[in-house]
Every structure is written in structure tokens, then in C-alpha cells.
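The following exercises invite the reader to examine a protein model step by step. Please attempt each task before reading its solution.

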Amino acid sequence: MDIKANIQLFWALGLSGEQCAQLERCLGSGQKLHAWRLGAVPGVADLEAEKPFLLFVSGESQRALADNANKSLRHLRILPKIFVMHDGYSQAELEEAVDSDALDILRPPFNRKALAGKLSRVADSVTIHQDIVCMTKEILLEREILERKNSIMEFMVNFLTITGDGKELYQILQNSFKGLSMLLPAHNMHAALWYPNTRGENTVELFIASEKSHPAFGKWRETLLDQGQKYGLPATGSIAATPLVLSGRGAALELIEPNAGNVIYLPLKCGETCLGFLAVMTSMKKGLGRDQAQALDSAIRHLSVSLENAIRVQELRTMAEYDSLTGLHNRRYLEGELKKEHARTLRYDVPFSVIFADIDHFKKINDSKGHKAGDQVLRQIADIFKSKMRVTETYARYGGEEFVMLLPHTTSAEAAVLAERIRSSVNEHVFSTDSGPLKVSISLGLASMDKAKAVEKNACSTILHQADKALYEAKNSGRNCVRISEEECLLAAY
């Protein structure tokens, strides 16, 4: 920001004239956009003189920035970035934006409110960038403590690099322990994260550096949840606890238990929001120096932003791959997995099966009991499916009241046995709804594929069509039964 002129300056790199014009219309008073073409990029002197708040990038300019061979742009890589999508962007381009190191994505049509919200969310990252710049200048000015400052700068650079490389929460946490060990004598580390789910509850994810079979795992679970209460983070939703494998972790047994050694709790905050905290076990006998504490504070704030971005990416993937009502995978994800299974059959000559399932008379449930009761039935049927599902299988809501199950390494006979178990479980279940208990049945149709079928043209769409056709045969045979493709009803309801 140019303090003298009191103007908040933004740079745009590689954006079209129309995109720049739209952005300028969305900026508030006291904000200004400076557009640069890829063929005439700003230099280091421009960066020092103008001190832009952040950089708006297009897909082309982001790819140029990510190219390590392009040294002419490396001074711009430290700037916080927002990825600007063009009109009519594709799914592949959106995925490219999600996978980039941009802090957020701006999708058309642009408006002032959406832009202001995104600028507010990236403010923490900009502050971190300014902290790093100030720290660098301080090192140059204070030559008498150059060695110490260089050490801290090395920590900051390494920490920012290794925690910025990861896209998954688990990997970011592993890297953060490696980075913190450069500043602290850290022997172990655990983490606790809170974030809201689609039902407005606080989902808790714990990462515990201990084997699940070790007594310390359960003790740390309770300790982390208790500490969360102190931070005002109640566990109102699901709680997941995952063993965290850390390289270079101290193996001393006395540092494993929660009540042993020194534990430093480091809150992970983005603005006023607390995402959770780290619990770092250390043998440090005295406190950190002022400059070390400042470096640690900046590092943890950067880590908080990285974790928030990873959570956002995880949420986007969940939205892209899962059905929000049932928690099962969606049709798009299933079709991708079907292609993988087809390729595996072609290569290894292993069979797989597909089951189509449809709730009988579901429209009558919606019409007579209401759509809320219908949603409750869908969720409970999904829970029944999940209870029967193996790790390697994919169950998806295909649309409406129709579901599809993809079963690797499964013949039609084996699939028929599973289908009957599912049919029987649904038939015996009493569905609890706000409109009272209900009895529901489903019809199922299945088809299988081996290598001989896999080599045929349009094999993936064919097996889906065959299973769907078998489902309609089950419907026409009185419902509440299982049909194998092109065969008579296998098992009828009793």
C-alpha cells in the first residue's frame, strides 16, 4: 500500500482488458488497479516502488509464475494471488485454479460485494507477506545480529516453502513439524482442527502422533478435546482421530504421554476465527527470544492460512465428489471410478459388477409424507448401504431416489448375494421420520463385466444400461426384488 497517497494498489497480470475493466468497477474508493501484460512484466524496482497489496492472475500468467525456469517472474511469486476465471471456463480450468497456490478464486460475474469478501479473506496472507518484508529489511539494517536474523529468515523461508507445498491437511501438518523443529527443540506434535459441516455442526479432526494401539493415543484425544473447550471450540459434530506419522520425531518414551515434558499450545487463527491449535512437545528450558517469538507468530499465522486453504480445497472436492444429502459419492465421481475399473479389467482380466437400486414408490412417500420425510428415508438408506460397503467399493447417489454401486473383483453371482442382503436389510428396516415410522422397499438390477465385454465399444455406458434395464425388469416383476441383466428375477421378497 502506498501510504503517502493513501491508495491501496492491486496488480493484474495477464488479464484481458474487459476483466480489468470489470475489476476496476468493483474496487472501492481508495483502491486502484495497475494492469500488466505478460510481455511487459513489472520489475523488482516496480515492486519496491508500488508495493502492491496483491496480484490478480489469469490461468496463463499463473502457469508462467509456476514455471521455475522463468527467472524473470520469480520476484512476483511471493505476492499473494487471486486466480481470476474467464467467462465460460471449463471444469479442468477450475481444477487448475483450485490446485494452484492462489489464495482464492474469483469467478465471473464479478461484483463489488464478492470481491470485497475475497479481499477480506486474504488480508491475513498480505499481513504475513508484509511481516516477512519488514523482517528482511530489519536483517539488513541490524548487521550486529546478522547471524541470528539469517537463521530466523532461513527458518521463515523454509517454513513458508514446505508448508506452502502441501495441498492436503495431513501433509501440511507433517511439513509444519519439520519446519518448527528448525526453531524449537520439538520432539512431538499433535493437531486439532475444527470446521463447520453442511449441517452447521463443528466437525473435529484430530491428528495424533502416536499409534492407535498405544495408550497415549486415547489420552491425547481427550486432552486435545479438553483444550478445544478452553479455546471455545465445542465438538458438536463428528470427531475423527488420525495417527500422524512425523519424520525426525523424538522417540523418548517420557515425551509421549500428555502429562510429560513441556507442551506448547499454538492457536491457529485466521482473522477472528480459530481453526484449532497445535500441541508441540519440547524440551526447551527457557523462553524464545523476541525475534524468535515474532518469527514463530508469523509462521503460525501463515500455517493457519495454508490449513484454511486446504480445508477449503477439501470442501470443494467434497462438493465435487459427494452428494450433500446422503454423504455418498455423486454421479460424476462414480463415472470416473467406472472408467478406472474398466481399465483395470482390460489390463488384469478381473471382473467387476454394477448394481442399480431404486426406492419403490418413492414419489408416494414425498406426496403423502412430505419431502422432509423423503430426505430422511434417503439418508437412512444411504446409511444401510454404507454399512454393507467394503473399502474398495464405490456407492453413489445417481439421481433422485436411484443409487449405483460399483463392485471391483466381483462376479455377477457375488454381486447378487450382496444385492439381496441390501434388499433384505432395507425391507426389514423401520424408517424413522418426522411423519412417523415407515416401511420402504427397493428394487435392484445388476450387470457384470469381464475382459471379453470390456473390449467392446462403449463398454462403460453399456454396463450401466444393462444394470438399469435389469432394474426396470425388477420393477416390472413386482418390485422389492433383485434381477440380473438379461436373466429372470433371482430372489423375490418374502
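Three exercises on this predicted model follow, each with a worked solution.

**Exercise 1.** Determine which residues line the largest cavity and which helix gives the largest share of the lining.

*Solution.* Step one: the structure holds one cavity of 30 Å³ or more, and about 40 Å³ of space lies in the largest cavity. Step two: its lining consists of Leu103, Arg121, Val122, Ser125, Val305, Glu308, Asn309 and Arg312. Step three: helix H10 (residues 290-321) supplies four residues, the largest share. Step four: by class, the lining comprises three nonpolar, two polar and three charged residues.

**Exercise 2.** Establish whether Ser304 is buried or exposed, and what its side chain reaches.

*Solution.* Step one: Ser304 belongs to helix H10. Step two: its relative accessible area is 0%; buried means under 20%, so Ser304 is buried. Step three: the side chain of Ser304 reaches the backbone nitrogen of Lys269 at 3.1 Å. Step four: beyond neighbours within four places in sequence, Ser304 is in contact with Leu268, Lys269, Cys270 and Leu275.

**Exercise 3.** Explain what the salt bridge between Arg332 and Glu95 ties together.

*Solution.* Step one: among the 20 salt bridges in the structure, Arg332 pairs with Glu95, with the closest N and O atoms 2.7 Å apart. Step two: Arg332 lies in helix H11 (residues 331-348) and Glu95 in helix H4 (residues 91-99), so the pair ties together parts 237 residues apart in sequence. Step three: Arg332 is partly exposed, at 41% relative accessible area, and Glu95 is partly exposed, at 36%.

Technical notes:
Residues numbered from 1 in each chain as written. Predicted model: local features only at pLDDT ≥ 70, side-chain atom pairs only at ≥ 80, totals over all residues. Heavy atoms only, no water. 1 Å grid on protein atoms, 1.4 Å probe; cavity = no way out; pocket = protein on both sides within 12 Å on 5 of 7 lines; lining within 4 Å. Points joined across faces, edges and corners; volume = space filled by probe spheres on them. Helix = DSSP H or I, 4+ residues; strand = E, 2+ residues; numbered from the N terminus. Nonpolar A, V, L, I, M, F, W, Y, C, P; charged D, E, K, R; others polar. Buried < 20%, exposed > 50% of the residue type's maximum accessible area, 1.4 Å probe, protein only. Polar contact = N/O pair within 3.5 Å; in protein donor to acceptor, adjacent residues only side chain to side chain. Contact = heavy atoms within 4.5 Å. Salt bridge = Lys/Arg side-chain N within 4 Å of Asp/Glu carboxyl O.
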